[in-house]
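Got your viewer open? Let's take a walk through this protein, one selection at a time.

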Amino acid sequence: GGFEAGMTVSAQVDRERRSGARRHHTATHLLHAALREQLGPHVKQAGSLVAPDRLRFDISHTKAISLEELRKIEDEVNERIRKNSSVDTRLMTPEVAIAAGAMALFREKYGEEVRVLSMGGEDGQKYSVELCGGTHALRTGDIGLFRIIGEGAVSAGVRRIAAVGGAAAEEHVRHQGQLLADAAAVLKVRPEDLPARLQALVDGQRKVEREL
């Protein structure tokens with residue numbers, strides 16, 4: 001079938017899908033603020049993908065983000081989530097919003113009135129303030145657990161971060177734990193002894209190769 005002018009239609013929102021999108025979209029705001037805090041104010045959003053089960057966030061940054069930096073960024077986002085602050089929406093002109101400190105996308109065209117999303121702060125201060133028209137959680141705690149699962153280059157001066165939140169993050173943790181348990185079982189050691197056992201195997205292999 002198809003649509004014609006004058007037709008009456010009925011639409012229904014998929015609640016589960018929308019809930020996942022809300023969590024991951026809200027998480028991008030906290031992630032953006034954490035990236036700027038840890039890496040510097042030069043960081044700007046260069047693209048993003050928000051899905052019910054994951055998010056992808058591109059930023060302007062000239063070098064790889066270290067594992068230590070990623071850990072601090074992830075910890076910062078999770079701390080803001082645990083604060084369970086409200087996600088507030090206000091309508092105002094773009095000029096007033098930007099003057100109040102709201103982040104805006106470069107070259108984005110805005111109308112006479114914009115939505116300003118603020119969240120993650122305490123004592124009256126907001127951690128993240130951005131112009132955004134998307135769907136969001138009511139409180140940061142609705143995001144649940146947040147995990148960064150990947151980081152890499154997209155193009156010169158642009159890095160991409162992949163992450164998951166909520167049930168998707170919990171499933172990621174379970175999957176990683178199962179992989180660790182399976183690997184430990186193959187080598188017949190406890191999971192906490194796996195790194196030392198693997199290092200011993202690698203060292204032994206190198207010794208054999210040198211002898212050969």
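Start by selecting residues 146-155, which is strand E6, together with residues 158-165, strand E7. This is a predicted model, and in it the two strands run antiparallel, joined by 8 bridges. If you're new to sheets, here's the idea: strands pair through backbone hydrogen bonds, either parallel or antiparallel. To see one position of this pairing, pick Gly152 and look for Arg160, which stands opposite in E7.

Now look at the turn that links the pair. The hairpin of E6 and E7 has 2 residues between the strands, and Gly157 takes a positive phi near 80° there.

Keep E7 selected and add residues 54-60, strand E2. E2 is joined to E7 by 6 bridges, and again the strands run antiparallel. Here you can click on Phe57, whose bridge partner in E7 is Ile161. Turn on the surface and ask yourself: how many of the 8 residues of strand E7 are buried? It's 6, so the strand is largely enclosed by the rest of the structure.

**Next stop: a charged pair**

Show the side chains of Asp58 and Arg160. They form a salt bridge, with the closest N and O atoms 2.7 Å apart. Asp58 lies in strand E2 and Arg160 in strand E7, so this pair ties together parts that are 102 residues apart in sequence. Which of the two is buried? Asp58 is, with a relative accessible area of 7%. Arg160, at 29% relative accessibility, counts as partly exposed.

**Into the core**

Select Leu31, Leu35, Ile65, Ile73 and Phe146. Of the 26 residues in the largest nonpolar core, these touch the most other members. Which elements give two or more residues to this core? They are helix H1 (15-39), E2, helix H2 (67-83), E4, E6 and E7. H1 supplies the largest share, 7 residues.

Zoom in on Phe146 and show what surrounds it. Leaving out residues up to four places away in sequence, Phe146 touches a list of residues that includes Ala27, Leu31, Leu55, Val77, Ile81, Ala163 and Val164. Glu74 and Asn78 are among its contacts too.

There's a second, separate core as well, made of 6 residues. Select Ala97, Ala102, Val114 and Val116 to see some of its members.

**Over to the other sheet**

Now find the open sheet of 3 strands, in the order E3-E4-E5, with antiparallel pairing. Strand E3 (88-92) and strand E5 (128-131) stand at the edges, each with a single partner strand, so one side of each is left without a neighbour in the sheet. Turn the view and follow the twist, which averages 25° from one strand to the next.

Select residues 114-119 to light up strand E4, which is joined to E5 by 4 bridges. Click on Leu117 and you'll find its bridge partner, Glu130, in E5. While you're here, a handy thing to know: in a regular strand the side chains alternate between the two faces of the sheet.

**More charged pairs**

By the rule used here, the count comes to 12 salt bridges. Go to helix H2 and select Glu79 and Lys83, which both lie in that helix, 4 residues apart, or about one turn. Their side chains meet in a salt bridge at 4.0 Å, N to O. Glu79 is partly exposed, with a relative accessible area of 35%, and Lys83 counts as partly exposed at 31%.

Then jump to Asp193 and Arg190, whose side chains meet at 2.9 Å, N to O, in another salt bridge. Asp193 is partly exposed at 29%, while Arg190 counts as exposed at 51%. One more to try: select Glu68, Arg71 and Asp75, which are joined into one network by salt bridges that share partners.

**Zoom all the way out**

Clear your selections and color by secondary structure. You're looking at 5 helices and 7 strands, running α-β-β-α-β-α-β-β-β-β-α-α from the N terminus on. The radius of gyration is 22 Å, well over the 17 Å that the globule rule gives for 212 residues, so the protein is more spread out than a compact globule. Rotate the C-alpha trace and you'll see a span of about 75 × 45 × 35 Å along its principal axes. As for the inside, 33% of the 212 residues count as buried.

Notes
Residues are numbered from 1 along each chain as its sequence is written. This is a predicted model: local features need pLDDT of at least 70, side-chain atom pairs count only at pLDDT 80 or more; totals for chains, interfaces and linings use all residues. Side-chain values use heavy atoms; hydrogens and water are left out. Buried means under 20% relative accessible area, exposed over 50%, partly exposed in between (1.4 Å probe, protein chains only). Two strands pair if DSSP finds at least two bridges between them. Axes are lines fitted to C-alpha atoms, for helices over the stretch in contact, and angles run from 0 to 180 degrees between N-to-C directions. A nonpolar core is a set of buried Ala, Val, Leu, Ile, Met, Phe, Trp, Tyr and Cys residues joined through side-chain atoms within 4.5 Å. Contact means heavy atoms within 4.5 Å. The radius of gyration is taken over C-alpha atoms; the globule rule is 2.2 Å times the number of residues to the power 0.38.
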